[in-house]
Amino acid sequence: MSESAARIRPFQPSDQKLVRFYVGKSRMEGLTSANVRVYTNFFVLAIWIALSSAFVHYMQWWPRREKGLLENLSPLSAFACMALPIMFITDWVNRPDFEKSMNDALRRPDLVDTAIYYARSPASGFWILEFNDRFVGLIAVDASLDSTSDEVVVGSDKPAEENAKPAKSYSTKGTSNVATIRHFYVEEPYRTASVQDDLLEHAIKHAFAEKEVERIRAVNESLVPYIGEALHRQGFVSASVLETVGVLNWHVHESVLERKVWESKQKA
Ligand SMILES: *[C@@H]1O[C@H](CO)[C@@H](O)[C@H](O)[C@H]1NC(C)=O
């Protein structure tokens, strides 16, 4: 009888396709919440109501007493008509930042040959969390000598090929004093159970087990709050604003966990 169990296991070369899929998905996640935040923005709602009312007025669709109930519903269709272009434009303006983030992530050397890349330092690691052999989440911590590099290996004008070869060799071994959480994702239904905390803790323990590692960096996007909350629970603090994305300029923070902070948390 198989027991229902969650387990964290290391990446295997046969996971390459799966990992590229979920890393892409995680990079696009902010887009949906960016769009929703625009639709629920006060000014956007005001513009939508104003345009719809003008349209109803122009079409002379305001309800009239002599008409039947169905005909009096026509103002609603004007509101629906006006919602579509607003949704379209919002998505069109927000999308490029997220697509760029996804394309860059898929072109970095660590996703070309993941097993080799994360074997360059004993403090690095890539893990997959499964529940009953179903994919639930992933995390990757990079402590190699390129841990703070954001270099992409294929030009942005070329498609992100799975077998693209890096221009430079990524075979040098060694451990940097700054490790980076490169990928961190948990499927939506499992987030309420806080399995992201288990994954993150696992990666932190692994990285800090090597003496050289002094601090761990991670990206905290205000549009994807479950990551920021998990980082906060482990003692990460916001260090700087890396960039702003989308129409409403949401912030992407760099968060940092110092070894001292982590060790004092373990003692407490
Ligand atoms: C993550 O970002 C949010 C705002 O975008 C900020 O309030 C929070 O403190 C950040 N958390 C960490 C751990 O950096």
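## Second largest pocket

By class, five nonpolar, two polar and six charged residues make up the lining of the second largest pocket. This is a predicted model. The space in the second largest pocket comes to about 230 Å³. A total of 13 residues line the second largest pocket. Closest to its centre are Glu29, Glu188, Arg191, Val224 and Tyr226.

Two elements, H1 and H6, each give two or more residues to this lining. H1 gives the most, with four residues.

## Largest pocket

The largest pocket has a volume of about 850 Å³. It is lined by 32 residues. Those closest to its centre are Arg27, Ser101, Val219, Glu221 and Val252.

Helices and strands both feed this lining. The helices that give two or more residues are H1 (16–39), H3 (74–107) and H6 (225–233). The strands that do so are E4 (178–186), E5 (215–221), E6 (237–245) and E7 (250–258). E4 supplies the largest share, six residues.

## Lining classes of the largest pocket

The lining of the largest pocket holds 15 nonpolar residues. Another 12 are charged, and five are polar.

## Elements at both pockets

H1 and H6 each give two or more residues to the lining of the largest pocket. H1 and H6 also give two or more residues each to the lining of the second largest pocket. E4 leads at the largest pocket, whereas H1 leads at the second largest pocket.

Conventions:
Residues numbered from 1 in each chain as written. Predicted model: local features only at pLDDT ≥ 70, side-chain atom pairs only at ≥ 80, totals over all residues. Heavy atoms only, no water. 1 Å grid on protein atoms, 1.4 Å probe; cavity = no way out; pocket = protein on both sides within 12 Å on 5 of 7 lines; lining within 4 Å. Points joined across faces, edges and corners; volume = space filled by probe spheres on them. Nonpolar A, V, L, I, M, F, W, Y, C, P; charged D, E, K, R; others polar.
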